[in-house]
Amino acid sequence: MLKNNGDGDASLPHGGEVFLALGSNKGDRALHLRNAVHVLNGNGFLVRRVSSVYETDPVGCETGAAPFLNCVVRGSWNASPETLLNLCQTLEKESGRDPEHSHWVSRELDIDIILFGDDIIETDRLKIPHPLAHKRAFVMIPLHEIAPNVFFPNLRLSAEELLKALVPISGIRLAQEIPTLL
């Protein structure tokens with residue numbers, strides 16, 4: 001297990017299972033998600049499974065923000081977590097997201113690294129497992145759909161156990177009109 005509090009090196013290759021959360025509430029939301037999945041798959045992230053797409057009420061965004069489309073992607077990555085973060089941020093920027101954005105605004109594309117194998121990573125740029133993932137229905141419901149037994153090493157609980165503890169759940173619904181993203 002890689003534990004990095006800023007003194008070590010989080011740039012070590014991994015080669016294991018990774019889970020990403022994708023979201024969009026600006027522009028052609030489904031297209032942003034679909035493009036991200038395909039570009040990830042073409043740039044070293046081997047996409048193994050994509051959850052259903054869920055429409056969710058915005059959390060913490062500006063007044064009047066549109067609903068988000070969210071999904072979780074399961075895949076493999078053979079490079080460092082920092083390299084994956086750089087790829088994700090490049091995709092966000094290429095989708096139109098301002099790299100100097102504040103955290104709680106509408107965005108064309110948001111990609112968060114939720115889990116990186118069993119690694120626990122804490123650097124200035126990166127915290128894995130994602131520190132808020134287990135508190136967000138828009139992450140936990142699609143994650144549970146494709147990997148109910150995946151383990152959060154920092155919490156010592158599975159996605160299924162964490163989802164059961166997440167109550168009340170509201171503001172999230174299956175986006176029926178969205179075809180598969182893979």
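Me: What does a search of the whole structure find in the way of aromatic pairs?
Reply: The search finds one aromatic pair, made by F45 and W77. This is a predicted model in which local features need pLDDT of at least 70 and side-chain atom pairs count only at pLDDT 80 or more, while totals for chains, interfaces and linings use all residues. Residues are numbered from 1 along each chain as its sequence is written, and side-chain values use heavy atoms, with hydrogens and water left out.

Me: Why is the pair of F45 and W77 called tilted?
Reply: Rings of Phe, Tyr and Trp (its six-membered ring) pair if their centres lie within 6.5 Å; planes under 30 degrees apart count as stacked, over 60 as edge-to-face and the rest as tilted. Here the centres are 6.5 Å apart and the planes make 35°, so the pair falls in the tilted class.

Me: What makes this pair a tie between separate parts of the sequence?
Reply: F45 belongs to strand β2 and W77 to strand β4, so the pair ties together parts 32 residues apart in sequence. Strands (E, at least two residues) and helices (H or I, at least four) are DSSP runs, numbered from the N terminus. The two residues also stand opposite each other across the strands, and both are buried (under 20% relative accessible area with a 1.4 Å probe, protein chains only; exposed is over 50%, partly exposed in between).

Me: How do you know that β2 and β4 pair?
Reply: Two strands pair if DSSP finds at least two bridges between them. β2 and β4 have five bridges and run antiparallel, so the condition is met. β4 also runs antiparallel to β1, with nine bridges, and to β3 (residues 54-56), with three. Opposite residues include A21 and V72 for β1, and E55 and L69 for β3. G16 has W77 in β4 as its bridge partner.

Me: What makes β4 largely enclosed?
Reply: Nine of its ten residues are buried, so the rest of the structure largely encloses β4. β1 is mostly covered too, with eight of nine residues buried. On another side of the pairing list, β1 joins β5 through six antiparallel bridges, where F19 stands opposite L115.

Me: Which residues have the most contacts inside the largest nonpolar core, and what makes it a core?
Reply: A nonpolar core is a set of buried Ala, Val, Leu, Ile, Met, Phe, Trp, Tyr and Cys residues joined through side-chain atoms within 4.5 Å. The largest has 31 residues, and L20, L22, F45, V73, L84 and I113 have the most contacts inside it. At least two of its residues come from each of β1, α1, β2, β4, α2 and β5. A second, separate core of 21 residues includes F19, V72, A133 and I141.

Me: Which residues does F45 touch beyond its close sequence neighbours?
Reply: Contact means heavy atoms within 4.5 Å. Setting aside neighbours within four places in sequence, the contacts of F45 include V18, L20, L40, V73, W77 and L84.

Me: Why is R29 classed as it is, buried or exposed?
Reply: R29 has a relative accessible area of 19%, which is under the 20% limit, so R29 counts as buried. R29 lies in helix α1, and among its contacts beyond four places in sequence are S24, E55 and F68.

Me: How do you know that the length of α2 agrees with that of a helix?
Reply: The expected span is 1.5 Å times one less than the number of residues. For the 14 residues of α2 that should give 20 Å, and the end C-alpha atoms are 20 Å apart, so the two agree. Buried residues of α2 include L84, L87, C88 and L91. G96, which follows α2, has a positive phi near 115°.

Me: What makes helix α3 largely enclosed?
Reply: Seven of the ten residues of α3 (residues 137-146) are buried, so the rest of the structure largely encloses this helix. Among the buried ones are V139, I141 and L143.

Me: Where does pLDDT stay under 50?
Reply: pLDDT is the predictor's confidence in each residue, from 0 to 100. It stays under 50 over residues 1-12. Where pLDDT is low, the predicted coordinates should not be read in detail. For the protein chain, the mean pLDDT is 87, and 87% of residues reach 70 or more.
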